[in-house]
Amino acid sequence: MPVAPDVLSAIGNTPLVQLRKLVPPRSARVVAKLESANPTGSMKDRMARSAIEAAEARGSLRAGGTVVEYTGGSTGVSIALVCAAKGYGLEIVYSDAFTEEKRLTMHALGAHLTIVPSEEKRINEALIRRMIETAREISTRPGVFWTDQLNNHDAITGYHALGEELWTQTDGGIDALVHVVGTAHSIHGAARALRTHKPALHVVAVEPAESAVLSGGPSGSHRIEGIGIGFAPPLWHADEVDEIMTVATDDAKAMARRLAREEGIFAGTSTGANVVAALRVAERLGSAATVATIIVDSGLRYLSTDLYRG
């Protein structure tokens with residue numbers, strides 16, 4: 001590969017790997033996009049660069065400005081990378097419901113953090129809404145630009161390349177995309193790009209079983225970081241997915257551990273949820289099909305939790 005002119009140019013073009021040991025016989029081929037190969041170890045690098053560069057192009061963010069965002073961590077780490085590379089200040093609204101590794105990483109990249117306390121480290125609608133309101137208050141300060149990830153259309157655009165890469169890497173041989181929903185940007189951005197090539201692509205959204213609001217269930221608390229915000233994201237489009245699957249926190253954690261031990265893929269809990277659902281779809285579609293999913297981020301972000309202590 002040629003020398004990248006800067007760290008932001010190293011975002012994207014991540015490897016696609018086939019899962020071998022976890023996939024039962026007679027199931028579809030399951031391929032996983034190794035987004036942990038991005039500079040911060042997360043797919044969110046794509047949306048952070050897209051959102052910041054779009055704000056620059058519109059004049060919403062100028063030299064010497066400050067960015068603010070509420071985050072479960074991965075978006076914040078990615079925005080911190082972009083702000084550090086471009087020289088912007090950064091105010092992050094975070095919570096103790098999310099890992100210490102993410103907090104420390106954002107601090108290392110120069111972010112100032114405001115911590116919103118949780119109830120027993122559980123992720124639910126009330127916590128997310130308190131974080132949003134705190135970010136809204138900070139955004140009223142002079143010279144501050146609020147990326148407001150849940151309502152940011154530019155973040156969706158950042159994932160179009162993810163879909164294009166999947167199409168190219170599979171030589172157009174992809175039948176289903178299975179992916180978790182947080183803001184919904186990544187599933188919609190990747191699926192829209194893929195459907196320009198294959199309108200019949202089967203798209204499966206994944207959410208926590210304990211807070212299955214997209215499936216019509218009640219809002220609840222769970223422990224799968226980065227997804228299941230407790231209400232339908234503002235830019236969620238139910239008509240753009242063919243199916244919604246639920247995965248329990250314990251099943252997602254167990255699969256993340258299996259991924260590490262059996263496939264050598266070290267990832268977080270949301271990736272575990274992705275793979276649980278992808279294997280279900282693969283079993284149903286059969287050996288002639290290909291199912292794609294996403295390795296959302298690196299397991300290095302979860303070593304302070306119980307994920308890898310069992």
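The second largest cavity in this structure has a volume of about 50 Å³. Keep in mind as you look around that this is a predicted model.

**Two enclosed spaces**

Let us stay with that space for a moment. Its lining includes Val181, Gly182, Glu207, Pro208 and Phe231. Sorted by class, the residues around the second largest cavity are seven nonpolar, four polar and one charged.

How many cavities of 30 Å³ or more does a search of the whole structure find? There are two. The largest cavity holds about 410 Å³ of space, and 33 residues line it. If you want to find its centre on your screen, look for Lys44, Gln149, Gly182, Gly226 and Ile227, which are the lining residues nearest to that point. Gly182 also appears in the lining of the second largest cavity.

Several named elements contribute to the wall of the largest cavity: helix 1 (44-58), helix 2 (74-86), helix 4 (125-138), strand 7 (176-180) and helix 7 (185-195) each give at least two residues.

Here are the two cavities side by side.

| Cavity | Volume | Lining by class |
|---|---|---|
| Largest cavity | about 410 Å³ | 15 nonpolar, 14 polar and four charged residues |
| Second largest cavity | about 50 Å³ | seven nonpolar, four polar and one charged residues |

**The four-stranded sheet**

Now turn to the strands. In general, the strands of a sheet pair through backbone hydrogen bonds, either parallel or antiparallel. One open sheet here has four strands in the order 5-4-3-6, and its pairing is parallel. Strand 5 (112-116) and strand 6 are the edge strands, each pairing on one side only. On average, neighbouring strands of this sheet are turned by 20° against each other, ignoring direction.

Strand 3 (residues 66-70) and strand 6 run parallel and are joined by three bridges. Which residue of strand 6 is the bridge partner of Val68? That partner is Trp146.

Two helices pack on this sheet. Helix 2 touches strand 3 and strand 4 (89-95), and its direction makes about 170° with that of strand 4. Helix 4 touches strand 3, strand 4, strand 5 and strand 6, with its direction at about 155° to that of strand 4. You have met both helices already, since helix 2 and helix 4 also supply residues to the lining of the largest cavity.

**The six-stranded sheet**

A second open sheet is built from six strands in the order 1-2-10-7-8-9, with mixed pairing. Strand 1 (16-18) and strand 9 (243-247) each have a single partner strand, so one side of each has no neighbour in the sheet. Neighbouring strands here are turned by 25° against each other on average, direction ignored.

Within this sheet, two bridges join strand 7 to strand 10 (residues 290-295), and the two run parallel. Leu177 stands opposite Ala292 of strand 10. Helix 6 (residues 160-169) lies across strand 1, strand 2 (29-34), strand 7 and strand 10, running at about 135° to strand 2.

**Two unusual backbone angles**

Most residues other than glycine have a negative phi. Asp148 has a positive phi of about 45° although it is not a glycine. Asp148 sits in the loop between strand 6 (144-146) and helix 5 (153-157). Ala184 also has a positive phi, near 85°, and is found in the loop between strand 7 and helix 7.

Are these residues buried or exposed? Asp148 counts as buried because its relative accessibility is 16%, under the 20% cut-off. Ala184 is buried too, at 3% relative accessibility.

Terms used: Residues are numbered from 1 along each chain as its sequence is written. This is a predicted model: local features need pLDDT of at least 70, side-chain atom pairs count only at pLDDT 80 or more; totals for chains, interfaces and linings use all residues. Side-chain values use heavy atoms; hydrogens and water are left out. On a 1 Å grid over the protein atoms alone, a cavity is a set of points where a 1.4 Å probe fits but cannot get out, and a pocket is an open set with protein on both sides within 12 Å along at least five of seven lines; lining residues have an atom within 4 Å of a point. Grid points are joined across faces, edges and corners, and a volume is the space filled by probe spheres set on the points. Ala, Val, Leu, Ile, Met, Phe, Trp, Tyr, Cys and Pro count as nonpolar, Asp, Glu, Lys and Arg as charged, and the others, Gly among them, as polar. Buried means under 20% relative accessible area, exposed over 50%, partly exposed in between (1.4 Å probe, protein chains only). Two strands pair if DSSP finds at least two bridges between them. Axes are lines fitted to C-alpha atoms, for helices over the stretch in contact, and angles run from 0 to 180 degrees between N-to-C directions. Contact means heavy atoms within 4.5 Å.
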